[in-house]
Amino acid sequence: MTTLGESGAMNSTGRASSAQGPNREDWGEPRPAESPQQATSTILSLKTPPDAERPFSGPLDPKQVWQKTAASIHALLRALNATLYRVDRESGALEVLAWAGEVGPTVGPHVVFPRRTGLAGLAVRKRRPVVTPNQLTDPRVRLTPDVRAHLELAGHRAALAVPLIAAGVVIGALEVGDRAGRVFKDKEIHLAQTVCELAALALEHARLHAEAQRALAGLKATHEECLRDETLRALGELGAGAAHHLNNLLTVLLLRIELLLPTVHAPATRDSLKMMEQAATDAAEVVRRLQRFVQMQPVDEAEAVDLNQVAADALEMTRVRWLAPIQGQGIPIDAALEAGDVPPVMASAVALREVVMNLILNALEAVPGGGRITLRTVLANRMVCLAVSDTGAGMSEEVRRRALEPFFTTKGPQRTGLGLSLAYGILQQYRGELAMESATGRGTTVTIRLPAAQTTAPSHGQRTRSERSDDRDMVRTAHG
């Protein structure tokens with residue numbers, strides 16, 4: 001923002017008039033504000049040039065009001081230029097907001113004139129229109145050296161200035177400039193005053209509209225927050241009951257698996273049982289996190305996790321879902337992991353497996369007639385990325401935009417619409433991100449990003465044994 005200096009000499013009210021003749025005094029007393037109908041009649045009674053704009057038609061955007069006011073009065077009065085200033089409420093300085101015509105090289109956006117300087121400053125102080133045949137020699141006009149230099153470069157000498165008053169407060173000023181010798185007639189001054197009144201009215205309406213919109217947005221946000229609170233309360237009650245019943249079922253499942261493992265010697269069968277045990281252990285961790293959510297407890301401490309191993313585990317756990325269509329109906333579904341050389345991340349392995357399994361199951365539903373699902377890990381900008389892509393039908397921009405909203409679903413009433421929103425919440429707990437790219441007919445790619453860890457991740461087997469021990473104890477304790 002450029003401010004023209006306040007220091008320097010100013011014209012004294014006692015100095016003699018210039019050779020151009022005496023200056024014209026302030027133009028009359030403040031007249032009563034016209035109604036919009038009266039103001040419009042005043043404008044229409046004048047012979048309007050064909051290039052003059054209709055100043056206040058269309059949306060009442062404040063910037064447009066400023067610019068249209070300057071352009072309209074410049075055309076209506078056939079002046080050299082017209083400039084609109086905004087009064088700073090704290091300093092009283094005049095900031096240039098809009099202009100039209102030949103204003104010279106020193107006028108531009110955010111140029112500021114010190115308080116009470118120039119003819120516009122005089123109009124603001126007196127709260128009425130003022131005119132002068134020459135600003136540079138008018139003893140009433142305060143000019144600092146910088147302001148005087150600006151006027152000399154601008155080229156205009158005669159000027160008319162009118163304050164913009166809204167709700168009793170001077171919010172700005174209009175200054176119309178022309179070459180020396182121009183005498184503004186009473187009808188022209190009335191016209192400028194009328195345009196300023198309409199502009200002030202339009203700006204006040206725009207301000208009130210903006211305040212109403214802000215209030216409406218605040219009310220909407222409060223309403224949505226109340227709905228979220230009520231939803232969370234209902235989920236808490238549901239989660240508390242569900243956790244108890246799930247713990248009972250998981251206890252039976254884990255104990256049965258433990259009894260079966262020593263009696264089974266076929267490698268394939270033992271691998272299947274171990275995978276079932278891992279899935280049950282993960283389910284126990286999900287129940288534990290559900291209980292913490294209901295009780296508003298903090299999340300688990302993060303540990304170093306191999307995202308490639310998480311992706312491989314999730315793919316194996318969902319194998320029965322994407323192999324069943326192939327074996328039963330002959331639908332070709334190809335699922336593969338393209339593991340990159342990536343460092344570990346700091347998170348919960350169980351939580352990340354839940355996220356990746358959810359993304360794989362979503363991708364499976366996107367290719368009901370067959371297709372390809374690809375999991376790919378890469379390192380980008382110190383963020384470890386795992387992308388799950390499918391070759392399905394994709395989604396529209398509206399669906400993609402709302403996909404992370406809780407309870408939003410396109411899959412009918414049998415689904416909750418919580419999968420992606422819960423996945424997003426889990427990632428946020430570990431400073432992670434979730435991004436989605438999709439277009440109708442071009443498939444979907446969901447990418448999770450997590451900060452790379454600084455330490456080396458423990459082996460997958462060590463991590464799994466620790467989780468098994470903790471989760472079994474938790475399930476048995478809850479069951480008891």
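1. Let's start with the cavities. In this predicted model, the count comes to three cavities of 30 Å³ or more. The largest cavity holds about 70 Å³ of space. Its lining is made up of 13 residues, and those closest to the centre are Tyr85, Phe113, Thr117, Gly118 and Glu175.

2. A few words on what surrounds that largest cavity. Helix H3 (118-126) and helix H4 (145-154) each supply at least two residues of the lining. H3 gives the largest share, with four residues. By residue class, the lining of the largest cavity divides into seven nonpolar, five polar and one charged.

3. You may like the aromatic side of this. A search of the whole structure finds one aromatic pair. The ring centres of Tyr85 and Phe113 are 5.6 Å apart and the planes stand at 90°, so the pair is edge-to-face. Tyr85 sits in strand S2 (residues 81-87) and Phe113 in strand S4 (residues 111-113); the two are 28 residues apart, and the pair links distant parts of the chain. Both Tyr85 and Phe113 are buried, and both are listed among the residues closest to the centre of the largest cavity.

4. Helix H7 is worth a look too. Why is H7 (residues 307-317) largely enclosed by the rest of the structure? Eight of its 11 residues are buried, so the surrounding structure largely encloses it. The buried residues of H7 include Asn308 and Asp313, along with Leu307, Val310 and Met317.

5. One last detail at the start of that helix: Asp306 caps the N-terminal end of H7, with a side-chain oxygen 3.0 Å from the backbone nitrogen of Asn308. Asn308 is itself buried.

Definitions and conventions. Residues numbered from 1 in each chain as written. Predicted model: local features only at pLDDT ≥ 70, side-chain atom pairs only at ≥ 80, totals over all residues. Heavy atoms only, no water. 1 Å grid on protein atoms, 1.4 Å probe; cavity = no way out; pocket = protein on both sides within 12 Å on 5 of 7 lines; lining within 4 Å. Points joined across faces, edges and corners; volume = space filled by probe spheres on them. Nonpolar A, V, L, I, M, F, W, Y, C, P; charged D, E, K, R; others polar. Buried < 20%, exposed > 50% of the residue type's maximum accessible area, 1.4 Å probe, protein only. Polar contact = N/O pair within 3.5 Å; in protein donor to acceptor, adjacent residues only side chain to side chain. Phe/Tyr/Trp six-rings, centres within 6.5 Å; stacked < 30°, edge-to-face > 60°.
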